[in-house]
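Colleague: I would like to learn how to read a few features of a model like this one, with the general idea given before the particular case. Could you take me through it step by step?

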Amino acid sequence: MKIKSVEAHVLEAPLSQPFSWSFNRAESRAACLVEITCSDGTIGWGECYGPAALTAVIVRAFAPLLVGADPRTRDALWAKLYNQTRDTGQKGLTVCAISGVDIALWDIAGKHYGVPIHELMGGPVRRKVEAYATGTYRRDEGDPRDYVVEEVRGHLNQGFKAVKLKIGRQPADDIALIKAVHEAMAQHAGRQGEAPARLMLDANHGYDIIEAIKVGRAVGDLNIDWFEEPVVPDNLEAYVEVRRGQPIPVAGGETDYTRWGFREIFTRRAMDIVQPDTCAAGGLSEAKKIADMAAAFEVRYVPHVWGTGVGLAAALHLLAVLPYQPLRYEPREPLLEFDRTEHPIRQAVLRMPIEPSQGLVDVPSGPGLGIDINREALTRFAAGRGGVSTRQ
């Protein structure tokens with residue numbers, strides 16, 4: 001069994017309603033899917049995080065290093081790609097490209113042995129994962145305290161028990177929005193006669209240290225689960241200061257890469273919760289290593305997910321095998337990030353979409369990733385002159 005070909009599909013679709021967050025604005029969604037075909041006809045699929053057209057270039061450049069190799073030697077191939085580009089590719093786009101390749105190799109292995117990826121990774125700890133809704137981006141018109149609150153109510157009505165709120169604009173406005181959303185969630189819980197849903201904050205590194213501490217202190221009594229990317233990811237010492245300066249647990253790591261990058265986060269105790277993206281941090285191989293490190297350092301692990309159903313499936317297989325931390329009679333379950341913003345490509349690339357039911361998502365049970373790719377969608381969304389993607 002040998003690798004016969006490696007292909008990168010760049011996909012792009014316009015949005016019916018553009019949206020923005022702390023530092024950018026999206027008018028389209030894009031994706032780079034990796035397709036690896038083997039000599040026996042087995043095909044594996046992966047996804048790369050980041051600007052789709054750029055990661056696709058790197059994936060295609062990797063092809064000569066992969067063709068003719070045994071796809072089951074995942075660790076050896078990971079090391080080969082990383083070491084070939086180590087001088088200039090320790091982080092960023094190169095590791096994103098390796099991630100897509102690695103996920104596709106895991107998909108091939110599962111199909112070859114006839115089992116889902118989570119079986120190869122040690123067997124499932126769980127077969128369903130609780131999802132939290134990501135959305136609440138800003139629109140070009142209207143008051144966020146109206147349309148964001150209404151969106152959050154919609155997520156709760158769909159059965160989500162946790163919602164992440166986008167902030168990172170002007171601190172005073174964000175504080176008012178956080179309180180309005182918290183109040184709406186409390187009212188919903190009162191009408192339903194149930195415990196309030198969980199609320200998380202995501203500033204997408206829109207604050208400086210002073211602003212982040214101010215916001216955290218202002219809403220620190222609202223029982224918020226975490227404060228994500230309060231400051232720029234380039235400065236871990238800033239994370240340490242924010243963590244010490246306000247009461248909400250600090251999360252981050254969606255733009256960190258490999259075990260070496262996360263070693264710095266762990267040893268400096270910069271975050272309470274790490275959020276590697278499986279399609280960015282090095283693929284399933286590296287994500288599992290980072291998760292094991294997180295357990296050793298007693299840091300919670302909640303994977304970042306922002307892409308199509310391919311990346312979503314990969315995250316679910318990882319979540320299936322994450323151990324309880326700590327193991328106790330009533331353990332805390334991990335969470336799946338489920339993007340609820342418009343993404344025409346997300347489910348279209350799958351013949352059987354992955355969707356939550358009352359806030360829970362089934363881990364795919366078929367061989368490999370357990371998904372079937374809809375090739376018609378690859379043609380329909382193929383980017384004519386390269387894709388343009390946004391990071392979140």
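Modeller: What follows goes through a pair of helices, two sets of paired strands and two single residues, and it should be kept in mind throughout that this is a predicted model.

Colleague: Let us begin with the helices: how do H1 and H2 cross, and at what angle do their axes meet?

Modeller: Two packed helices are described by the angle between their axes and by the distance between those axes. Here the axes of helix H1, residues 52-66, and helix H2, residues 74-84, come within 11 Å and cross at roughly 125°. An angle over 145 degrees would count as roughly antiparallel and one from 65 to 115 as roughly perpendicular, and H1 and H2 are therefore oblique to each other. The crossing of H1 and H2 is right-handed.

Colleague: Which residues of H1 meet which residues of H2?

Modeller: From H1 come Phe 62, Leu 65 and Leu 66, and from H2 they are met by Leu 77, Lys 80, Leu 81 and Gln 84. Sorted by character, the residues of this contact of H1 with H2 are five nonpolar, one polar and one charged.

Colleague: Turning to strands, in what order do E1, E2 and E3 lie in their sheet, and which of them are the edge strands?

Modeller: Strands of a sheet pair through backbone hydrogen bonds, and they do so either in parallel or in antiparallel fashion. In this case three strands make an open sheet in the order E1-E2-E3, with antiparallel pairing. The edges are strand E1 (3-20) and strand E3 (43-48), each of which pairs on one side only, and the twist from one strand to the next averages 20°. Between strand E2, residues 25-38, and E3 there are six bridges, the two strands running antiparallel, and Thr 37 has Ile 43 of E3 as its bridge partner.

Colleague: How do the side chains of strand E5 point, and are they buried or exposed?

Modeller: In a regular strand the side chains alternate between the two faces of the sheet. In E5, Ala 162, Lys 164 and Lys 166 point one way while Val 163 and Leu 165 point the other way, and all are buried. Strand E5 (residues 162-166) is accordingly described as mostly covered, with five of its five residues buried.

Colleague: With which strands does E5 pair, and in which sense?

Modeller: Strand E4, residues 128-134, pairs with E5 in the parallel sense over two bridges, and five bridges join E5 to strand E6, residues 198-202, which also run parallel. Lys 164 can be followed across both pairings, since Lys 164 is the bridge partner of Thr 134 and has Met 200 in E6 as a bridge partner.

Colleague: Finally, single residues: is Ala 212 buried or exposed, and what is Ala 212 in contact with?

Modeller: Ala 212 lies in helix H7, residues 209-218. The cut-off for buried is under 20% relative accessible area, and Ala 212 is buried because its value is 0%. Apart from neighbours within four places in sequence, Ala 212 is in contact with Tyr 207, Phe 227, Pro 230, Val 231, Val 242 and Gln 246.

Colleague: And where is Lys 2, and how exposed is Lys 2?

Modeller: Lys 2 sits in the segment before E1 and counts as partly exposed because its relative accessibility is 43%. Among its contacts beyond four places in sequence are Thr 37, Cys 38 and Asp 70.

Conventions. Residues numbered from 1 in each chain as written. Predicted model: local features only at pLDDT ≥ 70, side-chain atom pairs only at ≥ 80, totals over all residues. Heavy atoms only, no water. Axes fitted to C-alpha atoms, helices over the stretch in contact; angles between N-to-C directions. Helix = DSSP H or I, 4+ residues; strand = E, 2+ residues; numbered from the N terminus. Parallel < 35°, antiparallel > 145°, perpendicular 65-115°, else oblique. Left-handed = near helix turned anticlockwise from the far one by under 90°. Contact = heavy atoms within 4.5 Å. Nonpolar A, V, L, I, M, F, W, Y, C, P; charged D, E, K, R; others polar. Pairing = 2+ DSSP bridges. Buried < 20%, exposed > 50% of the residue type's maximum accessible area, 1.4 Å probe, protein only.
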